[in-house]
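Dear colleague,

Please find below the structure that I agreed to pass on to you. My notes on it follow directly after.

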Amino acid sequence: MSSATAPVGIFDSGVGGLTVLQALRHRLPRERFIYLGDTARLPYGTKSAESVVRYSTQAASFLVGCGIKYLVVACNTASSVALKDLRERFEPLPVVGVIEPGAQAACESSRSGHIAVIATEGTIRGGAYQNAIAAKLPNAVLATRACSLFVALAEEGWTEGEIVEGTARRYLSDPITEDPQIDTLLLGCTHFPVLRATLHRVVGERVPIVDSAHTTAAVLAADLTARELHASPTQSGSVRFLATDSGERFARVGSLFLGERVAAEEVELVDL
């Protein structure tokens with residue numbers, strides 16, 4: 001297998017990163033992808049930084065062993081905590097996370113510079129989005145909120161209803177009402193996009209909602225071209241699904257995130 005025909009590896013703590021995979025497949029339909037969901041140890045967002053680095057390294061090592069040409073860290077917590085370690089450990093393999101693309105999307109969306117960021121506890125605590133946005137938009141005013149329950153709701157496939165909307169209102173009422181100049185809501189977790197319809201109802205039409213998926217796809221497409229690693233026009237795209245626990249559940253909930261059916265028999269169980 002040549003470098004150009006090798007697959008792109010993607011990992012997340014669970015199925016949330018499938019929202020990134022969906023955008024990557026739309027942008028790069030000829031590429032081959034291997035997606036690994038570490039479902040046995042999710043969520044990463046409530047774990048210590050040391051645990052997240054260890055889990056991320058194990059997931060990345062497995063994908064590297066599959067002969068990947070590029071690694072996409074489709075987990076905001078892992079991107080905020082482990083990206084530097086992964087780049088150093090697996091150099092010269094190119095590695096991209098979702099923090100920088102997400103920050104770029106938020107800065108491009110906001111006219112006022114007042115941005116609300118919701119993510120997991122680990123991502124907010126680490127300050128990765130705060131730092132990334134400040135580097136791009138020094139005068140930005142941020143309101144941040146850890147919304148860890150959103151991960152559990154998304155993993156259960158609960159995206160609508162009274163419980164979901166009530167949770168969203170509880171999390172978002174303060175940052176949105178306290179700063180009427182907020183004009184962008186950044187979803188700093190790849191699990192959150194499946195809750196987009198509910199979040200829209202809560203924050204209102206005046207606040208656009210952005211995430212890192214499409215911007216990450218654009219970054220990867222440009223870098224593959226720059227490195228001459230893009231798939232040939234004749235190559236057929238494909239996806240290989242890996243999970244560390246419960247392939248049936250991965251398929252059921254993952255279908256919601258990916259926007260198309262994933263069959264349980266398509267999911268390979270692996271031990272990291």
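In this predicted model, helix H8 (residues 162–178) packs against helix H9 (residues 196–203) with an angle of about 45° between them and their axes 9 Å apart. Because of that angle, H8 is oblique to H9. The two helices cross in the right-handed sense. On the H8 side, the contact is formed by Val164, Glu165, Ala168, Arg169, Leu172 and Ile176. H9 contributes Thr198, Leu199, Arg201, Val202 and Val203. Sorted by character, the residues of this contact comprise seven nonpolar, one polar and three charged.

I turn next to the sheets. One is an open sheet of six strands, paired in parallel and ordered S4-S3-S1-S2-S9-S10. Its edges are strand S4 (95–96) and strand S10 (267–269), each of which pairs on one side only.

The pairings may be followed across this sheet from the S4 edge. Strand S3 (residues 70–73) runs parallel to S4 and is joined to S4 by two bridges; here Val72 is placed opposite Val96 of S4. Further along, five bridges link S1 and S2 in the parallel sense, and Phe11 faces Leu36 in S2. The parallel pairing of S2 with S9 comprises six bridges, with Tyr35 opposite Phe241 in S9. S9 in turn pairs with S10 over three bridges, also parallel. In that pairing Phe241 stands opposite Val267 of S10, so to follow Phe241 is to meet a residue that has Tyr35 opposite in S2 as well.Which way do the residues of strand S1 (8–12) point, and are they buried or exposed? Val8, Ile10 and Asp12 point one way from S1, while Gly9 and Phe11 point the other way, and all are buried. Since five of the five residues of S1 are buried, this strand is largely enclosed by the rest of the structure. In general, side chains in a regular strand alternate between the two faces of the sheet.

Two helices deserve mention alongside this sheet. Helix H1 (residues 18–27) lies across S1, strand S2 (32–37), S3 and strand S9 (238–243), and runs at about 175° to S2. Helix H2 (residues 49–65) also packs on the sheet, where it touches S1, S2, S3 and S9. The direction of H2 makes about 155° with that of S1.

There is also an open sheet of four strands, with the order S6-S5-S7-S8 and parallel pairing. Strand S6 (141–146) and strand S8 (209–210) are at the edges with a single partner strand each, so one side of each has no neighbour in the sheet. S5 and S6 are paired in parallel over six bridges, and Ala119 has Ala146 as its bridge partner in S6.

Lastly, a note on one loop residue. Ser110 is located in the loop between helix H4 (99–109) and strand S5 (114–119). Ser110 is buried, its relative accessible area being 10%, which is under the 20% cut-off for that term. Leaving aside residues up to four places away in sequence, Ser110 touches Ile115, Asp183 and Thr184.

With kind regards

Note on methods. Residues numbered from 1 in each chain as written. Predicted model: local features only at pLDDT ≥ 70, side-chain atom pairs only at ≥ 80, totals over all residues. Heavy atoms only, no water. Axes fitted to C-alpha atoms, helices over the stretch in contact; angles between N-to-C directions. Parallel < 35°, antiparallel > 145°, perpendicular 65-115°, else oblique. Left-handed = near helix turned anticlockwise from the far one by under 90°. Contact = heavy atoms within 4.5 Å. Nonpolar A, V, L, I, M, F, W, Y, C, P; charged D, E, K, R; others polar. Pairing = 2+ DSSP bridges. Buried < 20%, exposed > 50% of the residue type's maximum accessible area, 1.4 Å probe, protein only.
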